[in-house]
Amino acid sequence: MNAYKFLRPGAVGPFSGVRWLPGEWVEAEALSACERRHLPLWIWEELWEVELGGVVVSRAHKLRAPRARLGRQIEAWTPTSAKAFARACAWRAALHASGSLRDAGFGDAAETFAGGGDLQAVRRLTSELWDELPHAVRRPIGMASDGASDALDTIASDDPYEVVRGAAVVAYTAAMTAQHIGGSDAHDAERAHQADWLAAELGLV
Amino acid sequence: MADKHQHDEVVCQGFVELATDYLEGALPEDRRDLVEEHLVVCDSCKTYLEQIEATVEALPGAGRDEPVPDDTRAALLSAFREWRTER
């Protein structure tokens with residue numbers, strides 16, 4: 001099984017604060033990594049392949065093992081690819097919300113939301129139409145607008161931490177927008193779509 | 001504008017209740033994973049956690065290095081007794 005680990009700059013564990021040394025086995029009660037499908041949940045600045053040893057247990061969105069060592073760093077994961085991911089997730093949120101706009105009788109705006117063009121337009125249209133929108137459809141449309149705003153901030157940022165945090169937040173927003181429209185299955189499908197996007201863009205096996 | 005944060009608030013409220021146990025390593029593994037998953041996307045809770053950590057680190061040192069002067073201690077005790085009486 002291929003396992004991955006997102007780390008802070010310098011291969012530092014985001015929660016443990018421990019610095020990992022590539023190629024060196026580490027032993028502990030429960031070292032964590034994740035499968036490809038759960039990558040969108042754990043985004044930080046660096047992405048590494050990790051080899052796990054001993055009994056590997058899959059728990060919720062993590063893998064646990066008593067032994068682990070870092071393999072190669074995924075060099076394709078950079079602020080640039082994180083920004084592209086944020087943009088893609090913002091458009092997914094807008095796509096999920098487009099049906100609500102169409103159902104409410106705003107067909108032109110729905111086309112813009114589904115179109116994948118200018119994120120500014122998603123934000124602007126939401127602001128322009130907000131008072132006319134039925135309360136029942138405001139939530140997913142507002143979430144899509146928030147996703148567009150967060151993605152635009154992320155894309156404009158020069159701070160690597162802000163970029164990866166923004167990417168994680170927009171991915172979360174897209175998943176929650178999907179969940180609002182289609183329930184937990186839609187949420188999981190959106191997360192799977194995000195994982196596939198990352199795998200394709202980063203060349204993960 | 002959007003109310004996506006309604007969901008966040010519920011998660012954040014739950015996080016506040018778990019934060020101390022998280023820092024002390026007292027949470028079961030599944031709860032710890034949920035906390036960490038939330039911290040990836042929530043700067044507010046991350047900041048809150050960092051503030052608790054900083055407070056915990058600072059307090060024992062402050063107690064040792066800066067003893068409370070006698071007059072300050074007396075004033076504090078007096079204020080506390082008055083507050084209890086008023087209640």
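The exercises below, each with a worked solution, concern a predicted model of chains A and B.

Local features in this predicted model need pLDDT of at least 70 and side-chain atom pairs count only at pLDDT 80 or more, while totals for chains, interfaces and linings use all residues. Residues are numbered from 1 along each chain as its sequence is written, and chains are lettered from A and ligands numbered from 1 in the order in which they are written.

**Exercise 1.** Describe the helices, strands and burial of chain B.

Solution. Begin with the DSSP runs, where helices are H or I of at least four residues and strands are E of at least two, numbered from the N terminus; chain B has four helices and zero strands, in the sequence order α-α-α-α. Then turn to burial (20 or more other C-beta atoms within 10 Å of a residue's own, with C-beta atoms placed from the backbone): 10% of the 87 residues of chain B count as buried.

**Exercise 2.** Characterise the contact between chain B and chain A.

Solution. Taking residues as in contact if their C-beta atoms, placed from the backbone, lie within 7 Å, one finds 13 residues from chain B and 22 residues from chain A. On the chain B side, helix α2 (residues 29-41) supplies the largest share, seven residues. By class, that side of chain B has four nonpolar, one polar and eight charged residues.

**Exercise 3.** Locate the domains of chain A and examine how they touch.

Solution. The assignment, automatic or from a database, gives domain 1 (3-73) and domain 2 (79-202) in chain A. Their C-alpha centres lie 29 Å apart, and seven residues of domain 1 are in contact with 12 residues of domain 2.

Methods:
Contact = placed C-beta atoms within 7 Å. Nonpolar A, V, L, I, M, F, W, Y, C, P; charged D, E, K, R; others polar. Buried ≥ 20, exposed ≤ 12 C-beta atoms within 10 Å, placed from the backbone.
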